[in-house]
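Here is a short set of exercises to work through with the model open in your viewer. Try each task before reading its solution.

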Amino acid sequence: MQGQYQPLERCNDFVVKFANVNGSGSASANRLFTRAVLRMGVPATPRNVFPSNIEGLPTWYEVRISEASHLARHGDVHLLVAMNPQTWDKDVAEIAPGGYLLYDSTRPMPPAKLPRDVVVLGVPFTAICNREYSEARQRQLFKNIMYIGALSALLDLDLGEIERLIGEQFKGREKLIAANLHALDLGRTHTLETIACPIGLRIRRANAVGDRIFMDGNSAAALGAVYGGATVAAWYPITPSTSLAEAFQRYCARYRVEPESGRHRYAIVQAEDELASIGMVVGAAWNGARAFTATSGPGISLMQETIGLAYFAEIPAVIFDVQRAGPSTGMPTRTQQGDVLACAYASHGDTRHVLLFPEDPHECFLFGAAAFDLADRLQTPVFVMLDLEIGMNERLTAPLTWDGRSRMDRGKVMTAAALESASDFGRYLDVDGDGITWRTYPGTHPQLGSFFTRGTSKNDHARYTEEGAAYVENMQRLLRKFRTARRLVPRPVVDLASRPTRRAAIYYGSTSPAMQEARDVLAEDGIALDLMRIRAYPFQDEVFDFIASHEQVFVVEQNRDAQMRTLLVNEGDVDPARLCRILSYDGTPITSRFIVRAIADEAGGSEVVPLRKATP
Amino acid sequence: MTFVPKPKLSHPELPKNSLGLTRRDYEGAVSTLCAGCGHDSISAAIIRAFFELDLPPHRIAKLSGIGCSSKTPTYFLGRAHGFNSVHGRMPAVATGANLANRELVYIGVSGDGDSASIGLGQFAHAMRRDVNMVYIVENNGVYGLTKGQFSATADVGAKSKRGVTNTESSIDLAAMALVLGASFVARSFSGDKAQLVPLIKAAVLHRGAAFIDCISPCVAFNNHAGSTKSYDYVREHNEAVDSLDVIIGREEITADYEPGTVETVVLHDGSTLRLRKLAPDYNVHDRVAALAHIQDRERAGEIATGLLYVGPESKDLHENLNTVAAPLASLSDAELCPGEAALETLNAALR
Ligand SMILES: Cc1ncc(C[n+]2csc(CCOP(=O)(O)OP(=O)(O)O)c2C)c(N)n1
Ligand code: SF4
Ligand SMILES: [Mg+2]
């Protein structure tokens with residue numbers, strides 16, 4: 001079948017895609033593959049593509065191997081491991097010319113079904129399994145390990161690393177280790193005997209992983225909540241946020257059990273819905289605990305009324321929104337940055353909320369912890385905006401660090417002693433001029449400092465009033481507080497092109513690796529871009545200065561309606577014509593290739609005269 | 001303090017409780033409800049109950065939803081923090097507050113619209129979670145604050161002030177609470193302080209969710225002939241199953257009663273409830289029988305009131321979650337943050 005094409009020759013720079021059936025136990029085998037590559041010092045970035053289903057539907061696991069540390073989705077497939085006959089045609093069609101196809105050849109595919117421009121590698125996994133094992137479940141599970149064995153031979157993947165990982169995974173269960181190693185060997189040996197190994201795709205030991213760790217964003221955010229001092233979590237299950245709440249439970253079981261008593265320094269409630277989960281968070285935070293919920297778009301919709309209460313009554317709340325493709329149930333297992341506006345202006349009336357945009361698990365941890373300080377200091381809801389792409393996929397990320405000297409900043413809380421020495425306590429009295437007022441926790445003092453919290457309008461001593469002037473004053477103070485927030489939230493990250501340019505791109509969250517890769521490619525094509533990664537809303541002045549200092553600014557995001565662009569235009573009175581939309585929203589993670597094409601089209605290739613003088 | 005202070009015309013002879021406080025110290029701002037509204041009588045009963053329980057007012061947290069009934073926490077316990085939250089969402093907010101600090105006493109006030117209509121779900125889940133709180137529904141069969149529409153507790157056949165007859169079947173919150181597993185269920189009437197005050201006291205002392213469905217006539221919209229939630233109607237059809245004395249601490253019981261007519265219930269803190277049975281053979285510990293009795297009385301056109309059910313040794317949400325003894329809100333950095341070293345171990349395991 002070979003001849004009219006050249007089989008690909010690539011080392012440490014290719015994409016392997018596994019096509020599996022949901023519920024077949026392939027996930028742990030696929031993960032084993034990625035971890036073995038990482039252990040060889042070669043960066044690898046996996047992505048789960050899965051349906052909203054428990055068993056039987058197709059799933060894919062795509063691993064980009066890149067010694068150059070490109071962590072974004074590539075877009076091409078160089079080796080397909082086709083373990084799902086249902087999706088054969090579509091999967092096979094994705095293989096790049098000269099690529100490779102590994103499939104279960106127990107029942108050989110008729111030549112008409114085989115692609116003409118790829119190298120077809122058949123290993124009769126089912127036949128080997130049926131010969132070796134009698135139980136159906138064993139046949140299924142060991143088939144997965146067997147294809148990892150085959151890959152080790154085909155790609156020259158270090159067998160020792162795989163064996164060590166299996167040993168770590170099943171530590172103490174010798175029988176299981178032996179059984180897995182046996183299956184691994186079966187796949188490998190058969191492949192070595194029947195196919196010329198390695199093929200044109202290879203993994204060669206490198207030193208490109210460094211001290212980075214391999215972790216998913218939801219776990220990192222949950223760990224951030226533990227470090228940030230959260231004690232109350234209320235949630236309602238929804239993909240892709242569920243694993244965040246579950247990770248919190250896991251870490252609490254490890255780090256938050258009182259040694260003497262075995263009792264918990266945390267409370268996790270699976271609420272009856274998101275109306276209740278946000279209500280519990282607000283009740284707990286009102287009463288002095290650090291509290292959070294984790295949800296996704298549909299949950300955000302249900303929480304609207306109480307979010308408005310928390311804004312107006314000024315109660316801290318941390319909300320992790322792991323975004324997925326909406327509206328409605330949309331594509332519940334696909335990624336998107338579609339909740340930016342729904343969160344920024346959540347609830348009725350005039351509201352604005354603090355948003356944080358982590359780019360990877362490392363920042364999920366940092367922002368996950370910092371959100372609690374911010375919420376307490378600002379006495380307002382804080383949203384940590386993850387998405388399925390960073391939330392549910394494991395990613396190479398900088399090791400987590402913590403400053404052992406840092407302490408929780410509970411913001412402006414008056415103690416009993418402070419109440420006694422103060423001349424006047426008014427819950428909403430702006431004594432410091434920054435819009436942030438002093439609060440008391442219930443139960444603080446027998447006579448002083450009690451107040452009534454309400455969603456109705458009130459004066460600065462928390463007494464009910466419908467006076468227009470008092471209402472306006474309060475609303476103005478809330479704006480003042482929001483301006484103060486700009487000083488407290490993470491600043492944007494600027495990365496200037498190597499030469500002066502009038503073009504720039506603004507991006508945020510999980511778009512990061514694709515944007516960085518695209519910038520390099522565009523630079524080679526003569527399109528230089530200054531980059532700004534927005535990490536929080538409200539926007540600092542430097543965001544608008546950055547826009548003003550460029551002639552053409554691309555706002556790259558993963559939603560249909562250019563929500564961040566709208567927010568920028570609205571908040572900074574930016575001339576909309578200056579901001580060019582670059583939008584990818586089909587549910588798959590944005591690729592550098594998409595960005596390169598879209599920006600190249602818009603830029604027209606011609607370089608404009610730089611505003612900024614060349615830096616030496 | 002931010003409540004509107006009432007002129008303190010405190011009489012030197014005003015009785016004091018063991019904390020040296022008078023009833024006045026348990027009051028709140030002047031009520032803005034309609035004169036004669038049942039809700040004000042319930043506020044008065046709450047004030048008396050807390051005064052008699054010798055509880056420091058600032059160690060109580062009062063929460064409510066939205067409605068005339070939900071406004072009332074402003075009118076009692078001015079030294080306590082209050083939270084007038086969102087329509088129908090008091091139970092979740094109270095649950096969260098309770099999780100943060102198990103040491104305070106929680107009283108949630110709601111209306112029949114608040115708990116039986118928009119907030120029915122949250123009512124149900126607070127009962128099944130057994131949040132340690134007093135949960136009072138000030139039940140007038142209408143939406144007072146939005147001017148008299150039927151609520152979900154209006155009886156079939158009840159006539160509205162405008163002459164409309166309710167055709168949708170009514171929700172009996174006490175019966176629901178029983179079905180949902182609540183560990184303390186009572187019903188009372190705002191016009192019967194002798195019954196209501198001891199019930200509130202018992203509810204405060206009970207550990208777990210203590211639910212009181214308190215019929216509370218709305219004089220503005222539901223006190224006319226044809227209403228089944230009017231003062232006259234409830235007075236005529238009220239059938240108490242028992243009457244209650246609450247004895248705090250391990251005080252000795254001295255009074256003599258005819259055998260079989262009195263039952264004593266010892267609560268987790270050692271306080272005692274002494275129940276004088278009014279309905280023969282009523283067993284306050286039998287959930288199924290309580291439900292049958294309520295429905296039986298209802299069929300006879302009567303309203304069963306009193307302490308309807310109290311569970312044996314109940315466990316509240318904190319016990320079920322196995323939380324530490326100290327309030328979660330009070331835990332320090334050292335108790336909450338695993339620190340740098342733990343992170344290094346974790347990093348190593350993720351390579
Ligand atoms: C989400 C929402 N919908 C509607 C309302 C309007 N509303 C305010 S109070 C109320 C009914 C209150 O009835 P109930 O709980 O029985 O209290 P009552 O006034 O009778 O004591 C309604 C519908 C609201 N505040 N919020
Ligand atoms: S409208 Fe009815 S419920 Fe509201 S205050 Fe008046 S009498 Fe009470
Ligand atoms: Mg009502």
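**Exercise 1.** Which residue lies over the face of Tyr428(A), and at what distance from the ring centre?

*Solution.* Lys458(A) lies over that face, at 4.5 Å from the ring centre of Tyr428(A). The rule used here asks for NZ of Lys or CZ of Arg within 6 Å of the ring centre and within 35 degrees of the ring normal. Chain B has a case too: the charged end of Lys62(B) sits over the ring of Phe76(B), 5.8 Å from its centre.

Some ground rules before going on. This is a predicted model, where local features need pLDDT of at least 70, side-chain atom pairs count only at pLDDT 80 or more, and totals for chains, interfaces and linings use all residues. Residues are numbered from 1 along each chain as its sequence is written, chains are lettered from A and ligands numbered from 1 in the order in which they are written, and side-chain values use heavy atoms, with hydrogens and water left out.

**Exercise 2.** Find the protein donors of the magnesium ion (ligand 3).

*Solution.* Step one is the cut-off: donors are N, O and S atoms within 2.8 Å of the metal (3.2 Å for Na, K and Ca), and sites may look incomplete because water is not among the atoms. Step two gives Asp112(B) through OD, Asn140(B) through OD1 and Val142(B) through O, lying 2.1 Å from the ion. Along the chain, the donors follow the spacing D-x27-N-x1-V. Step three checks burial (under 20% relative accessible area is buried, over 50% exposed, in between partly exposed; 1.4 Å probe, protein chains only). Asn140(B) counts as buried at 4% relative accessibility, and Val142(B) does at 3%.

**Exercise 3.** Trace the aromatic contacts of Phe292(A) with Phe248(A) and Phe320(A).

*Solution.* Rings of Phe, Tyr and Trp (its six-membered ring) pair if their centres lie within 6.5 Å; planes under 30 degrees apart are stacked, over 60 edge-to-face, and the rest tilted. Over all chains this rule gives 24 aromatic pairs.

- Phe248(A) and Phe292(A) are edge-to-face, at 4.8 Å centre to centre and 90° between the planes. Phe248(A) sits in helix 8 (residues 242-255) of chain A and Phe292(A) in strand 12 (residues 291-295), so the pair ties together parts 44 residues apart in sequence. Helices (H or I, at least four residues) and strands (E, at least two) are DSSP runs, numbered from the N terminus.
- Phe292(A) and Phe320(A) have centres 5.4 Å apart and planes at 90°, so this pair is edge-to-face as well. Phe320(A) belongs to strand 13 (residues 317-323) of chain A, 28 residues from Phe292(A).
- Phe248(A) and Phe292(A) are buried, and Phe320(A) is buried too.

**Exercise 4.** Pick out the backbone oddities.

*Solution.* Start from the baseline: most residues other than glycine have a negative phi, and most peptide bonds are trans.

- Gly326(A) and Pro327(A) are joined by a cis peptide bond, with omega about -5°; Pro327(A) is in the loop between strand 13 and helix 11 (340-344) of chain A.
- Tyr537(A) to Pro538(A) is cis, with omega near 10°.
- Asn12(A), not a glycine, has a positive phi of about 55°, and counts as buried at 1% relative accessibility.
- Lys147(B), also not a glycine, has a positive phi of about 80°, but is exposed, with a relative accessible area of 53%.
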